[in-house]
Amino acid sequence: MNFGPHAAFIITAYVVAIAVVAGLIAWIVLDRRHLSRILDDFEAQGISRRSTRTDGDKW
Amino acid sequence: MSLIDLANPSRFLALTARALPWLAAATVLAFAIGISQVYLAPDDYQQGATVKIMFIHVPAAWLGIFAWIVMSVAALGTLVWRHPLADVAAKAAAPIGAAFTLMCLVTGSLWGRPMWGTYWVWDARLTSVLVLFLMYLGVIALWRTIDDPAQAARTAAILTLVGAINIPIIKFSVDWWNTLHQPASVFRLGGSTIHPAILVPLIVMAVAFTLLFLTLHLAAMRNEIMRRRVRTLMMLQAGARMGP
């Protein structure tokens, strides 16, 4: 494919778009892993929402 | 399944766990179709191949605005109905909206340099989108500054609704002021001014970007619910350590 004299601008724009989307996906996946690990640690310690839940706890 | 069932975070997690793989698959499929259409789309008679930047720039701009609209609706849910999932939806949408707005600004700059001869001008459209990006950063900073999620949600909701004034300004800036940015060419009275050979790939890419936003937003909402569970457990643990 020939992008003509402005190929560098077109390719850079697509690289930026891919980097932004990849960054978003990585942030969400890593955040989920981090939170899952903490929740698993609580579970291992015997602390869970079911065992400790109060009426005001909606989460 | 009614809307009220989704109000329960556990039901929301169960439902989205089933929906997310399908949504992600639909996103990948839409992008595969969109990218192939972009590849086959002809060059513009004036802009040449740089028109290919439009296929990512315009959907990114739409999604940057759409995310703020989602946050504004969620802000109403927070302030009027005090709906806990509304807080979660608003908080999860902010970084995604900021990322799409940043993508819009950078790709627009890269498109502007060869077409306008400059990366940036302080015209109404570009400036109002930059203001949108800065407002996203402000809302994200606000969420991080206030420890209590309920209080942070209410404060962020007010800022979001005030910031919603900028959305019509972005949309109509090209009509109200004399700008270097082109006027509306897709959604306008009298129909689109874009040839179908370019318009169809643009619409397909816009659908793909929208599916991507929905997928990322739901996944980020799930994370936020988990973060609140972690916070609750930490508080319970701290309370247990302190004793009765």
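User: I'd like to start with one residue. Which residues does B:A90 touch, not counting those up to four places away in sequence?

Analyst: Keep in mind that this is a predicted model. Reading contacts means asking which residues from elsewhere in the chain end up beside the one you picked. For B:A90, the list is B:M71, B:A74, B:A75, B:T78, B:A153, B:A156, B:A157 and B:T160.

User: How should I read a nonpolar core, and which residues touch the most other members of the largest one?

Analyst: The general idea goes like this: in soluble globular proteins, nonpolar side chains tend to be buried together. Here the largest nonpolar core has 66 residues, and B:A90 is one of those that touch the most other members, along with B:A67, B:M71, B:A89, B:A93 and B:I96. At least two residues each come from α1 of chain A and from α2, α3, α4, α5 (149-163) and α7 of chain B. The top contributor is α3(B), with 16 residues.

User: Let me try a residue in another helix. Is B:L132 buried or exposed?

Analyst: The trick is to count neighbours: 20 or more other C-beta atoms within 10 Å make a residue buried. B:L132 counts as buried because it has 24 C-beta neighbours inside 10 Å. You'll find B:L132 in helix α4 (residues 124-145) of chain B. Leaving out residues up to four places away in sequence, B:L132 touches B:G64, B:W68, B:T101, B:N166 and B:I170. Try B:G163 too: 31 residues separate B:L132 from B:G163 along the chain, yet their C-alpha atoms are 7.8 Å apart.

User: Now zoom out for me. How many helices and strands does chain B have?

Analyst: For an overview, list the elements, then look at what they build. Chain B has seven helices and zero strands, so to speak a plain run of α-α-α-α-α-α-α along the sequence. Its C-alpha trace spans about 75 × 35 × 30 Å along the principal axes. Of the 244 residues in chain B, 38% count as buried. Take the contacts in chain B between residues at least 6 apart in sequence: 77% of them join residues at least 24 apart.

User: And chain A? What is there to see in its helix α1?

Analyst: With a helix, compare its end-to-end reach with the expected span. Chain A has two helices and zero strands, and 12% of its 59 residues count as buried. Helix α1 (residues 7-44) of chain A has 38 residues and reaches 55 Å from first C-alpha to last, close to the expected 56 Å. Just after α1(A), A:G46 takes a positive phi of about 85°. The buried residues of α1(A) are A:F9, A:I10, A:A13, A:A17, A:V20, A:L24 and A:I28. They pack against α2 (54-81), α3 and α7 of chain B.

User: How many residues does each chain bring to the contact?

Analyst: For an interface, count each side, then ask where the residues come from. Chain B brings 34 residues and chain A brings 27. On the chain B side, α1 (9-40), α3 (84-116) and α7 (196-242) each supply at least two residues. The largest share, 15 residues, comes from α7(B). By class, this side of chain B has 23 nonpolar, six polar and five charged residues.

User: What confidence does the predictor give the complex?

Analyst: The rule of thumb: where pLDDT is low, the predicted coordinates should not be read in detail. Chain B has a mean pLDDT of 91, with 96% of its residues at 70 or more. For the complex, the predictor gives an ipTM of 0.89 and a pTM of 0.90.

How values were computed
Residues numbered from 1 in each chain as written. Chains lettered and ligands numbered in written order. Predicted model: local features only at pLDDT ≥ 70, side-chain atom pairs only at ≥ 80, totals over all residues. Contact = placed C-beta atoms within 7 Å. Helix = DSSP H or I, 4+ residues; strand = E, 2+ residues; numbered from the N terminus. Nonpolar A, V, L, I, M, F, W, Y, C, P; charged D, E, K, R; others polar. pLDDT = per-residue confidence, 0-100. Expected span 1.5 Å × (residues − 1). Core = buried A, V, L, I, M, F, W, Y, C linked by C-beta atoms within 7 Å.
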